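Colleague: Before we begin, may I ask you to explain the reasoning behind the terms you use for this structure?

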Amino acid sequence: MKKLDKIFWILLIISIPLAIAMSIPTIAFFLRIMYLSGGAYLGFPGPMSYFASYSMLIFSNLWWVLLLLIPIVWFRHTNPRKGFALSLIAFSALFFIPPVLIKAQTKALLAEAKTETYPIQDATKFQSVTIAREGCDDLCERLLAGNSIKIVRTSKTVKTSGRKLIYKRAPIQECHDLDKNFDDPTLCILAYPNDDKISDIIIEDSVEGTGYLKREMVGFSPKIYMKRTVILRDNKSKNILASDEQIRWVQPIGYVPLQSNTGFDGNGIHGGGLIPPQAKHITSAIDASVLFEKLGLNLASSLIRQEENKSKYRRGKIYRTPAPYDEALEKSIFKFNDSNKKRVYWHGYWKID
């Protein structure tokens, strides 16, 4: 046997037990301790941390890389081209086929998570909406100002100190009675006592999953770990009028190279071992106003604007453009406040005590 062949087989024999050892959670945990001892815990990676990281990467990948090179060594003297071709095919299969499979798996996973939507014939028959809010927020104002919905009821007040009210497009004179300076001849929005009726459209907002990865979710196939669904349901027929989902999932970037993992990589404590590199993904945020527009309902422009986030640690400030009916609406809310002066919420950005 040639000298190069001997070196190859010696490396292969050495790398396999080392790779197996690296997959043992206890050894992986020991490497984590080495990583912290190198100063990375304080934010300053030291020599030991670099050693732990690179040793994990090298030894957990060396064995299967050498396996892919076996055809080159095997056919070295008889048919080197055949050996090279077989190794090239093996590398191509491991690096290019898995991403295609993962993409197909992810597409099927997200398609299965979609909620079925039923088409409607006439959206003008809907006059009222119930929203899970403590008061008339931005969506509530846009619906009432859009001249399609006349009544917005609130429902999320069972465990809060806010009073359950309904909000209506009221006659202009009622705003004049509450605010002598009211000068808008087109729109008046006021609060009224709860009438205990059920609206034409119900907004259902549900969340499945905790939003945190669990041990069994990190692996060789994509997994959903959180799904939020918003549904607009016809209260009379119980059919889904429109729906949208926001999904968080984790998927392998590829099946190789395998990485020896300590179990503390931000993907949930999963015990360590040999796992493929993982990536977290999330679909676009849900916008309920878009769902209403799909139904053919007319919504006014939003009065809310958010200041650009200048720091990744702070959320930008939220501002609301004043509306002519503000004072009248505030007085109508305050009029129905409880005698013990519990907080009454309006549009979610300020409150009246």
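Modeller: Two strands are said to pair if DSSP finds at least two bridges between them. Please keep in mind that this is a predicted model.

Colleague: What makes strands β6 and β7 a pair?

Modeller: Pairing requires at least two bridges. Strand β6 (residues 223–234) is joined to β7 by 10 bridges, so the requirement is met; the two strands run antiparallel. Within this pair, I231 stands opposite S243 of β7. The hairpin of β6 and β7 has five residues between the strands, and K238 takes a positive phi near 70° there.

Colleague: How do you know that β7 also pairs with β10?

Modeller: Five bridges link β7 with strand β10 (residues 278–282), in the antiparallel sense. At least two are needed, so this is a pair as well. One of the residues involved is W249, whose bridge partner in β10 is H281.

Colleague: Why is Q246 called buried?

Modeller: Buried means under 20% relative accessible area. Q246 has a relative accessibility of 13%, and therefore counts as buried. Q246 lies in β7 (residues 240–252) and touches, among others, M226, R228, T283 and I286.

Colleague: What makes β7 largely enclosed by the rest of the structure?

Modeller: Of the 13 residues of β7, 11 are buried, which is why the strand is described in that way.

Colleague: How do you know that the buried residues of helix α9 line one face?

Modeller: In α9 (residues 326–335), the buried residues are D326, A328, L329, S332 and I333. Viewed down the helix axis, they fall within an arc of 165°, so they line one face of α9.

Note on methods. Residues numbered from 1 in each chain as written. Predicted model: local features only at pLDDT ≥ 70, side-chain atom pairs only at ≥ 80, totals over all residues. Heavy atoms only, no water. Helix = DSSP H or I, 4+ residues; strand = E, 2+ residues; numbered from the N terminus. Buried < 20%, exposed > 50% of the residue type's maximum accessible area, 1.4 Å probe, protein only. Contact = heavy atoms within 4.5 Å. Arc of directions from axis to C-beta. Lists of a residue's contacts leave out its neighbours within four places in sequence.
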